[in-house]
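Reader: I am new to this structure. Please walk me through it and show how each term is earned.

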Amino acid sequence: MLECGMLERDKQSLRRRSAVLCKQLVVDELLIQSLLADNILTESMAESIMAEQTSQKRSWQLLLLLPKRGPRAFSSFCSALRETEQQHLCDLLTQSLEQEDKETHVDRVKRSPLPLPTQEEFPAKRARTHESMEFSLDADSPITTPVLPCTPDFYLSRCQQSYRMKSTPRGFALVISNVTFDSGAAPDLDPRKGGEVDDEVLRKIFTELDYLVSVHRDLTAQDMRTCLETFCRRPEHRTMDSCVVCLLSHGVDGAVYGTDGQLLQLDWVFQTFDNARCPLLQNKPKMFFVQACRGDEMDCGVEQIDGPARTLSPNCEQRDAGREGEGDADSTQRGDQRRPRIKLPQRSDMICGFASLKGTAAMRNTKRGSWFIQELNSALRLRARDTHLADILVQVNRRIKEREGYAPGTAHHRCKEMSEFTSSLCKDLYLFPKYQPQY
């Protein structure tokens, strides 16, 4: 528990710059998680801040709380600003402290013979992050705040109307990440700088969500097919409640590239896991995440005619299941073979998140990884405890919509991205992280 408030001079610095901070500060999940990890904010404080509907209200709420959060709150806040690429606001607060020191300590040694300007100059907006498919400035590593746990009360309130999610582990997760391509067979496919960050992020997050994760890197199209077929046929799926498949590569609409420049059709992937070809996963949720371009078109964004002044984003890709005489894996598992079998659609209980819209490119930062995987990681860590996956992907869409990057050679040198997802889920899909029912 914090026993005392912020140092008086730090309070004064925040107070002096409160108008600028309210106007320019971007209070996003990355910044809040940094303060959570440093024990400056509690979970309830974080939730109340993020529940505010506008950026200015979130900023004001945070600025009201910080002076009460102990002597480390100011330095932790400055560190969080640097981590979320709001260095200009950190500099502004630091300059304010230096100015106060000069006023109160007149005998302080001057750093320069030249007089200081009477008014600090600072950027009107957050400095741009130069990120595109292959270009970016240095950025911090992806967030690793622990996944927030589901509570027993929440599980009991949702388990009846949602997919069964009790197995230990929850299921298998397969990550195929193509980073380096054959320069002879695929000369037009550049290395995916930052792709190795994505597959490590996915390995960590799904491990924390209690999945057995296997990562395969740099596979040809045929090797990808073989890997997916082997994964699909694992007999252990019978005792698991779900599965996850992540595909990270260059791509076009409807397909992703192998390292040999050959295409793997996504429709074939979904077909491989349908109710006919993967009976052990019938009636169980199958999650797919595709980080790949779906075309060459760069989304340069559109100005809102009635929107607020633009602020840069925080960081700137079975049919025979019911035949008589054949076993139904799901009903056999529950021991009620005497009931008449209900036929299933060819394909159901799937949800797939795509990094970009059809025909458009996906953005990737060379240090933090792709925008889509960054936001998916953040949303799962913060929201999986009490939000079903479809709503989590809506939140990912919202966060992607807010981002903006730098794309050399495009109009205005700005680029946007918009993720989307498709779903044939028939129930709410809660992951119930870190909770294991006792029955």
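Author: What follows takes up strand pairing, burial and one helix in a predicted model.

Reader: How do you know that strand 3 and strand 7 pair?

Author: Pairing needs at least two bridges. Strand 3 (residues 242–248) is joined to strand 7 by 6 bridges, so the two count as paired. They run parallel. One bridge links Leu-248 to Gln-291 of strand 7.

Reader: What makes strand 7 and strand 8 a pair?

Author: The cut-off is again at least two bridges. Strand 7 and strand 8 (residues 350–354) have 5, in the parallel sense. They therefore pair. Val-290 has Phe-354 in strand 8 as its bridge partner.

Reader: Why is strand 7 called largely enclosed?

Author: Buried means under 20% relative accessible area. In strand 7 (residues 286–291), 6 of the 6 residues are buried, so the rest of the structure largely encloses this strand. Both faces are covered. Lys-286, Phe-288 and Val-290 are buried on one side. Met-287, Phe-289 and Gln-291 are buried on the other.

Reader: What makes strand 4 and strand 6 edge strands?

Author: Strands 4, 5 and 6 form an open sheet in the order 4-5-6, with antiparallel pairing. Strand 4 (251–252) and strand 6 (263–265) each pair on one side only.

Reader: How do you know that strand 4 pairs with strand 5?

Author: Strand 4 and strand 5 (residues 255–257) share 2 antiparallel bridges. The definition asks for at least two, so the pairing holds. Gly-251 has Val-256 in strand 5 as its bridge partner.

Reader: Which strands does helix 10 lie across?

Author: Helix 10 (residues 221–232) lies across strand 5 and strand 6. The helix runs at about 35° to strand 6.

Definitions and conventions. Residues numbered from 1 in each chain as written. Predicted model: local features only at pLDDT ≥ 70, side-chain atom pairs only at ≥ 80, totals over all residues. Heavy atoms only, no water. Helix = DSSP H or I, 4+ residues; strand = E, 2+ residues; numbered from the N terminus. Contact = heavy atoms within 4.5 Å. Axes fitted to C-alpha atoms, helices over the stretch in contact; angles between N-to-C directions. Buried < 20%, exposed > 50% of the residue type's maximum accessible area, 1.4 Å probe, protein only.
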